[in-house]
Amino acid sequence: MSSASLASSPVQAASQQFEVRPFAANVGAEIVGLDLSRPLNDADFARVHRAHLDYHVVVFRDQQITPQQQIDFSRRFGVLQIHVLKQFLLANHPEILIVSNIVENGQPLGLGDAGKYWHSDLSYKELPSLGSMLYAQELPSEGGDTLFANMHLAWDTLPEHLRKAVEGRSAVHSYTSRYRDGHNAQNWRPTLTPEQLAQVVVVSHPIVRTHPENGRKALFVSEGFTTHIVGLPEDESQQILNELYAHSVRPEGVYRHKWAHNDMVFWDNRSLIHLAGGTSDHLRRRLHRTTIQGDAPF
């Protein structure tokens, strides 16, 4: 049973009136009328949890919450993970990673190239992320979208020859895989210390994982962190991965989120991969991310 299903608010607050409105895409819904600055009672929390499982990414509109309130709400779903780049953690709130392209006094304020490639957060850990919450602090006047791709749909519609090629196989995930190919050209990601490298040793996970809560199968590879398929020659491995990547992000399975002020977006890293649409360097963008630990993929 998931930690979310066991979570309980210490205070049984009054019920809130809110709506869950599914998007037209094959993924995503918005939650309107819910105030996350107030404690959620168990029934309201259960509705939010159900929406997250059903739609894989939910958008909480018009939130005005403190960093501690974001942390407290995130913790109701499980243990929070601390990002390896500690220089980009919010002061006095290390559970929050600053995602930002802002540079002050010659130093980046946060992780500026987060999401440059399709990925599932922390898939390079033995216990990858259950989900992530990203809360808008400062938004550009244009650009800055985030795209989400439904990996359940990707598996359900996978051609038979690819199913046979990947069933029962594992792939290796590495946090530093893109450091080697110019990913770090703008110096957004500082060189890792030996202590940091010890936190991101490579891991292997099943290419097809079973969601621990909804029981559905999903592809679990991404161009951002997956390096190769275990036990296959390099060229064959890369060919299969390229086909999986292309299939995973077909338009019918993708939701593009256009950020609005005070949005908080909560997505399921067991069901989705996501991509940052990009922001012009001269336009400021800052968001706060909490990341919830999940289970070992199976």
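How much space lies in the second largest cavity? About 140 Å³ lies there, in a predicted model where local features need pLDDT of at least 70, side-chain atom pairs count only at pLDDT 80 or more, and totals for chains, interfaces and linings use all residues. Residues are numbered from 1 along each chain as its sequence is written, and side-chain values use heavy atoms, without hydrogens or water.

A cavity is a set of points on a 1 Å grid over the protein atoms alone where a 1.4 Å probe fits but cannot get out; its volume is the space filled by probe spheres set on the points, which are joined across faces, edges and corners. The whole structure holds 6 cavities of 30 Å³ or more. The second largest is lined by 13 residues, of which Val99, Ala114, Gly115, Leu134 and His274 are the closest to its centre; a lining residue has an atom within 4 Å of a point. Strand β17 (residues 272-276) contributes the most to this lining, with 3 residues; strands are DSSP runs of E, at least two residues long, and helices are runs of H or I of at least four, numbered from the N terminus.

Attention now turns to a helix. Helix α7 (residues 234-248) has buried residues (under 20% relative accessible area, 1.4 Å probe, protein chains only): Ser237, Ile240, Leu241, Leu244, Tyr245, His247 and Ser248. They lie on the same side of α7 because they cover an arc of only 165 degrees around the axis, taken from the directions from the helix axis to the C-beta atoms. The face turned away from that buried side carries Asp235, Gln239 and Ala246, which are exposed (over 50%).

Note on methods. 1 Å grid on protein atoms, 1.4 Å probe; cavity = no way out; pocket = protein on both sides within 12 Å on 5 of 7 lines; lining within 4 Å.
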